[in-house]
Amino acid sequence: MAAAERVVLEEEFKWLLQEEVHAVLKQLQDILKEASQRFALPVGGSEGAAKQESFVLSAAGMDQVKGVLTLQGDALCQADLNLKMPRSNQIMHFAFREDKQWKLQQIQDARNHVNKAIYLLMNRDVNYRFKTGSEVLKLMDAVMLQLSRARNRLTTPATLSLPEIASSGLTKMFSPVLPPDILVNFYINLNKLCLTVYQLHVLQPSTTKNFKPAGGSILHNPGAMFEFSNQRYEVSHVHKMECVVPWLNDALVFFTVSLQLCQQLKDKVMALEKGTYDILKI
């Protein structure tokens, strides 16, 4: 009985390595090429070009900050912001200079990880046949690592200190120049493009407040302090605005489906290997 079961399992395992693995790899390639195309946003036949999409920033019950962001692939090519200044209630308009674009490193990195995963899936001869289960497991682990990194780049924004935000190139992007008591930061969080505006007040040398500089964070709260250009500041107001980017949501769905496919293939390989091993022990 054990011998017959072993033959059946060995045949099933052979079919898995020679047929099913390749079918799953082809399915993964197709899904990830779709994901990669979402990031590239090609226009017609112009290879490498990306269409511009405009998004209105919103936040419930907030009128201190309003704006429209224009996204082109992995770059913010325009940002039009209206800020209501807290002391004067005056509305000031700021926009990106025409010669400036702001690269969103998270999108760029996520796309690069997707393309690495595609390369891993395609990096073999069309007639190649897998010989062992461990070979398949090693490939799936490598692909899943790239997919997890791609997903994490979109789901986990970078932590930045306030001096890092103040010294970033964003401060030089706007016309007119942002006043020294305003900081802005753009980042991706899941399927959303987010803008945070920090309004600051200067801490005078005579202040009795205990100065404790804030560390790195995705979002700093009012009361956070920092020093920049020999001047100490405290965050007085924080305004977070966001807009949903539909194709980022598509990409996250593709990552989830692909990771599930990889895990299902791994589970099947390991189950068949274990079954064969268990029968051999009988």
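Tutor: Contact means heavy atoms within 4.5 Å. This is a predicted model, where local features need pLDDT of at least 70 and side-chain atom pairs count only at pLDDT 80 or more, while totals for chains, interfaces and linings use all residues. Residues are numbered from 1 along each chain as its sequence is written, and side-chain values use heavy atoms, without hydrogens and water.

Student: Which residues does Phe174 touch?

Tutor: Residues up to four places away in sequence are not counted. The contacts of Phe174 are then Ala79, Leu81, Phe94, Ala95, Phe96, Arg97, Val184 and Phe186.

Student: Which helix gives the largest share of the largest nonpolar core?

Tutor: A nonpolar core is a set of buried (under 20% relative accessible area, 1.4 Å probe, protein chains only) Ala, Val, Leu, Ile, Met, Phe, Trp, Tyr and Cys residues joined through side-chain atoms within 4.5 Å. The largest has 66 residues, and Phe174 and Phe186 are among those that touch the most other members. Twelve residues of this core, its largest share, come from helix (a DSSP run of H or I, at least four residues) H5.

Student: What is the strand order in the open sheet of four strands?

Tutor: Strands are DSSP runs of E, at least two residues, and two of them pair if DSSP finds at least two bridges between them. The pairing in this sheet is antiparallel. E7 (182–189) and E9 (225–228) each pair on one side only, as edge strands. The order is E7-E8-E10-E9.

Student: Which residue in E8 stands opposite Ile182?

Tutor: E7 and E8 (residues 192–202) pair over eight bridges, in the antiparallel sense. Opposite Ile182 stands Gln199.

Terms used: Buried < 20%, exposed > 50% of the residue type's maximum accessible area, 1.4 Å probe, protein only.
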